[in-house]
Amino acid sequence: MAAVEAHAANDVLYITFNRPDKLNALTVADLGEVAALVTHPADHIKALVFTGAGSRSFSAGMHVDTFASLGPTDARHVIGQVRDFLAAVRTTPLPTAAMINGYCLGAAFELALACDLRVATDDAQFGLPEVKVGIPSVADAALLPAYVGLARAKEIILTGDLYPAADLHRWGLLNRVVPRPRLQAETLGLLSRITRHTRTVLASQKRLFEVWQNTSLSEGIDVSTEEFAGVFEAAETLQQVQRYRSSMRDSRGSAG
């Protein structure tokens, strides 16, 4: 049985971590497989959803055996693979959602941070236990302060403890927290409000998120103006403008 399974349903590609007997822990090989799926989706795919097999875990992150005998050179290679896997998810032009059931730890927590949306069951638990292993949290853990503030990010990272979904929802990290039976419906409902927009505008907006996170305010504004002009190179932009204008006229007519 594959450790990473992918299947498409309608216009959504589901990427499932499928090692439930090990809490869906990831290997280096898994990272490359996921990165390839994210980088080269089929043309009809409009969104990517990550989830975990079984009822216990979204994913426990990298399998601890990965770090058991590393020297500096191998460690640099392994963490480079983690970095590249997360970057592929973070920068894909398609909307992404982490559909989180159970434990969401380490690199899997970083994956959730890299996604556009995070929907979790009310019994989900989150943590960055790397310090307990003796290694630092790196890569997309750098996004955590932007979501929960520096004080809470330091607490989560430096304790390595588990935190319930309710806390992370209250702190602003999670978009939705729902009972387990509603997890998929809530995730797809939220995604559908995004995928109805044009591919051109979603890709542009996602590029801007990356720019805004990595540049000064003035530079981000300058890049934004170029992105605005660039979307008009796609025929679907003017088509959507016209559809929106028509819908506004129709709504005004109905109100009258």
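This is a short talk on the sheet, the salt bridges and a surface patch of one predicted model.

Let's start with the sheet. It is open and has 6 strands. The order is 1-2-3-5-7-10, and the pairing is mixed. Strand 1, residues 4-9, sits at one edge, and strand 10, residues 176-178, is the other edge strand. Each of these two pairs on one side only. From one strand to the next, the twist averages 20°.

Now go inside the sheet. Strand 2 covers residues 12-17, and strand 3 covers residues 47-52. These two pair in the parallel sense, over 6 bridges. Take phenylalanine 17 as an example: its bridge partner in strand 3 is glycine 52. As a reminder, strands of a sheet pair through backbone hydrogen bonds.

What lies across strand 2, strand 3, strand 5 and strand 7? That is helix 3, residues 107-114. Helix 3 runs at about 135° to strand 5, which is residues 96-100. Strand 7 is residues 117-121.

Next, charges. Side chains of opposite charge can pair when their charged atoms come close. How many salt bridges does the structure hold? The count is 12. I'll walk through three pairs.

Pair one is lysine 46 with aspartate 11. The closest N and O atoms are 4.0 Å apart. Lysine 46 is in the loop between helix 1, residues 28-39, and strand 3. Aspartate 11 is in the loop between strand 1 and strand 2. So this pair ties together parts that are 35 residues apart in sequence. Lysine 46 has a relative accessible area of 37%, so we call it partly exposed. Aspartate 11, at 24%, is partly exposed too.

Pair two is arginine 170 with aspartate 167, at 3.0 Å from N to O. Both belong to helix 7, residues 165-170. They are separated by about one helical turn, because they are 3 residues apart in that helix. Is each partner buried or exposed? Arginine 170 is exposed, with a relative accessible area of 59%. Aspartate 167 is buried, with 18%.

Pair three is glutamate 186 with arginine 176, at 3.4 Å from N to O. This one brings us back to the sheet. Arginine 176 lies in strand 10, and glutamate 186 lies in helix 8, residues 183-195. So the pair ties together parts that are 10 residues apart in sequence. Glutamate 186 is partly exposed at 22% relative accessible area. Arginine 176 also counts as partly exposed, at 28% relative accessibility. There is a network as well: salt bridges that share partners join Arg90, Asp140 and Glu210.

Last stop, the surface. Which residues make the nonpolar patch of about 390 Å²? They are Phe228, Phe232, Leu238 and Val241. Phenylalanine 228 is in helix 10, residues 217-230. Its relative accessibility is 57%, so it counts as exposed.

Now look at threonine 237, in helix 11, residues 235-255. Why does threonine 237 count as buried? Because its relative accessibility is 10%, and the cut-off for buried is under 20%. Leaving out residues up to four places away in sequence, threonine 237 touches Thr200, Val231 and Phe232. Phe232 is one of the patch residues.

To recap: an open sheet of 6 strands, 12 salt bridges, and a nonpolar surface patch of about 390 Å².

Note on methods: Residues are numbered from 1 along each chain as its sequence is written. This is a predicted model: local features need pLDDT of at least 70, side-chain atom pairs count only at pLDDT 80 or more; totals for chains, interfaces and linings use all residues. Side-chain values use heavy atoms; hydrogens and water are left out. Two strands pair if DSSP finds at least two bridges between them. Helices (H or I, at least four residues) and strands (E, at least two) are DSSP runs, numbered from the N terminus. Axes are lines fitted to C-alpha atoms, for helices over the stretch in contact, and angles run from 0 to 180 degrees between N-to-C directions. Contact means heavy atoms within 4.5 Å. Patches are made of residues with over 30% relative accessible area and no salt bridge: like charges are joined within 9 Å, nonpolar side chains (Val, Leu, Ile, Met, Phe, Trp, Tyr) within 5 Å. Accessible areas come from the Shrake-Rupley method with a 1.4 Å probe; for residues, only the protein chains shown count as cover. A salt bridge is a side-chain nitrogen of Lys or Arg within 4 Å of a carboxyl oxygen of Asp or Glu. Buried means under 20% relative accessible area, exposed over 50%, partly exposed in between (1.4 Å probe, protein chains only).
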